[in-house]
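Me: I'm new to this structure and would like a close look at one part of it, together with whatever it connects to. Could you start there and work outward?

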Amino acid sequence: MNTQAPVITIDGPSGAGKGTVCARLAQVLNWQLLDSGALYRITGLAASRKGLALDDEAAVAAVAAALDVRFEPTPVGVRVILEGDDVTSTIRTEEVGSLASQVAALPAVRDALLQRQRDFRTAPGVIADGRDMGTVVFPDAPVKVFLTASAEERGQRRYKQLLEKGFHASLPALIEDIRARDERDSNRAVAPLKPAQDAVLIDSTSMSIEEVCDQVMNLVRTAGLI
Ligand SMILES: Nc1ncnc2c1ncn2[C@@H]1O[C@H](COP(=O)(O)OP(=O)(O)OP(=O)(O)O)[C@@H](O)[C@H]1O
Ligand SMILES: Nc1ccn([C@@H]2O[C@H](COP(=O)(O)O)[C@@H](O)[C@H]2O)c(=O)n1
């Protein structure tokens with residue numbers, strides 16, 4: 001019997017709705033939230049600010065291992081402080097998403113971040129959002145979801161999200177970006193984006209956020225976690 005705190009893993013491509021669904025479920029269940037993508041984003045940003053070449057595996061891994069980062073919960077979300085600087089908005093840009101996806105392809109960087117992610121596994125449970133949560137980080141998770149949607153739908157969602165934040169964006173460029181990131185994430189040698197063998201696939205292309213949350217909550221109930 002596994003005596004460790006339970007884990008719900010939600011993996012999938014960019015814009016599928018993982019972050020939104022994980023944040024809602026973490027709030028409803030009052031469980032820990034692991035936003036693993038934020039760790040890769042912060043590593044990419046920190047390495048770039050230090051002027052490192054993003055393919056300098058040893059140097060970027062050293063940055064990942066020694067990240068001076070704090071996650072501060074606030075009523076409107078988690079504030080991210082990197083070396084004393086509030087980078088909450090900066091790490092959400094498409095530019096930093098691309099830096100993240102480059103450093104995430106380096107095996108030594110993934111190794112450097114592995115234990116930091118596993119340390120989120122504390123009672124009463126953790127909801128883990130990423131690309132390899134169910135395959136590598138928490139292979140024994142009792143509930144695993146692979147959440148996806150068409151690239152066009154994900155591009156539309158990202159487009160709407162950026163416009164709402166007051167940013168200018170080009171829909172075709174966003175869809176192209178999403179496809180490039182999918183390609184890099186799915187074809188890298190280590191921890192590629194793919195469903196765990198025991199993951200439940202949810203295609204959210206024509207589903208609302210509420211419908212996706214309900215479906216995951218049903219899996220959580222069926223697994224006897226609540
Ligand atoms: N089922 C849905 N229907 C409509 N909009 C959605 C749905 N799920 C998420 N969204 C919206 O799509 C946008 C992207 O969602 P979110 O950031 O959760 O995706 P993600 O999978 O975490 O992406 P990334 O991996 O790049 O962080 C958000 O604006 C969110 O509100
Ligand atoms: N478990 C993970 C999480 C993320 N990545 C990489 O980081 C990029 C940014 O992730 P977001 O979820 O914040 O968009 C993503 O494109 C991946 O390259 C990862 O490799 N593993």
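Reply: In this predicted model, helices α2, α4 and α8 each supply at least two residues of the shell around ligand 2. The biggest contributor is α2, with 4 residues. In total, 14 residues surround ligand 2, and the closest are Gly37, Tyr40, Ser101, Ala104 and Gly130. Sorted by class, this shell has 3 nonpolar, 6 polar and 5 charged residues.

Let's stay with α4 for a moment. This helix covers residues 94–103, and its buried residues are Leu99, Ala100, Ser101 and Val103. What lies over those buried residues? The cover includes α2 (36–49), α3 (57–65), α5 (107–118) and α8 (171–187). Ser101 is therefore worth finding on your screen: its burial count is 20 or more neighbours within 10 Å, as for each buried residue of α4, and Ser101 is also among the closest residues to ligand 2.

From α2 you can step across to a sheet. Helix α2 touches strands β3 and β4 where it packs on that sheet, and its direction makes about 30° with that of β4. The sheet is an open one of 3 strands in the order β3-β4-β5, with antiparallel pairing. Its edges are β3 (69–74) and β5 (85–86), each of which pairs on one side only. Between β3 and β4 (residues 77–82) there are 6 bridges, in the antiparallel sense. To locate that pairing, look for valine 69, whose bridge partner in β4 is leucine 82.

Now for the other sheet. Here 5 strands form an open sheet with parallel pairing, in the order β2-β6-β1-β7-β8. The strands at its edges are β2 (32–35) and β8 (200–203), and each has a partner on one side only. On average, the twist from one strand to the next is 20°. At one edge, β2 pairs with β6 (residues 126–130) in the parallel sense over 4 bridges. Glutamine 32 has valine 126 as its bridge partner in β6.

Helix α1 packs on this sheet, touching β1 (7–11), β2, β6 and β7 (143–148), and the angle between its direction and that of β6 is about 175°. A good residue to pick out here is cysteine 22, which lies in α1. Is cysteine 22 buried or exposed? Cysteine 22 counts as buried because it has 27 C-beta neighbours inside 10 Å, while the cut-off is 20 or more. Apart from neighbours within four places in sequence, cysteine 22 is in contact with Ile10, Leu33, Ile127 and Asp129. The C-alpha atoms of cysteine 22 and valine 126 are separated by 9.6 Å, although these residues are 104 apart along the chain.

Further along the sheet, β7 is mostly covered, with 6 of its 6 residues buried. Val143, Val145 and Leu147 point one way from β7, whereas Lys144, Phe146 and Thr148 point the other way. In a regular strand, side chains alternate between the two faces of the sheet. Strand β7 runs parallel to β1, joined by 4 bridges, and threonine 9 stands opposite lysine 144 in β7. The pairing of β7 with β8 is also through 4 bridges, and these strands run parallel. There, valine 145 has valine 200 as its bridge partner in β8.

Helix α1 also leads to the other ligand. Which helices help to surround ligand 1? Helices α1 (18–29), α7 (151–164) and α9 (209–222) each give at least two residues to that shell, and the largest share, 3 residues, comes from α1. Around ligand 1 there are 16 residues, of which Ser14, Gly17, Gly19, Thr20 and Arg157 are the closest. By class, they comprise 4 nonpolar, 10 polar and 2 charged residues.

Finally, step back to the whole chain. It has 9 helices and 8 strands. The radius of gyration is 17 Å, close to the 17 Å that the globule rule gives for 226 residues, so the protein chain is as compact as a globular protein of that length. Of its 226 residues, 41% count as buried. Among contacts in the chain with a separation of 6 or more, 74% are between residues 24 or more positions apart.

Definitions and conventions
Residues numbered from 1 in each chain as written. Chains lettered and ligands numbered in written order. Predicted model: local features only at pLDDT ≥ 70, side-chain atom pairs only at ≥ 80, totals over all residues. Near = placed C-beta within 6 Å. Nonpolar A, V, L, I, M, F, W, Y, C, P; charged D, E, K, R; others polar. Buried ≥ 20, exposed ≤ 12 C-beta atoms within 10 Å, placed from the backbone. Contact = placed C-beta atoms within 7 Å. Pairing = 2+ DSSP bridges. Axes fitted to C-alpha atoms, helices over the stretch in contact; angles between N-to-C directions. Rg over C-alpha atoms; globule rule 2.2 N^0.38 Å.
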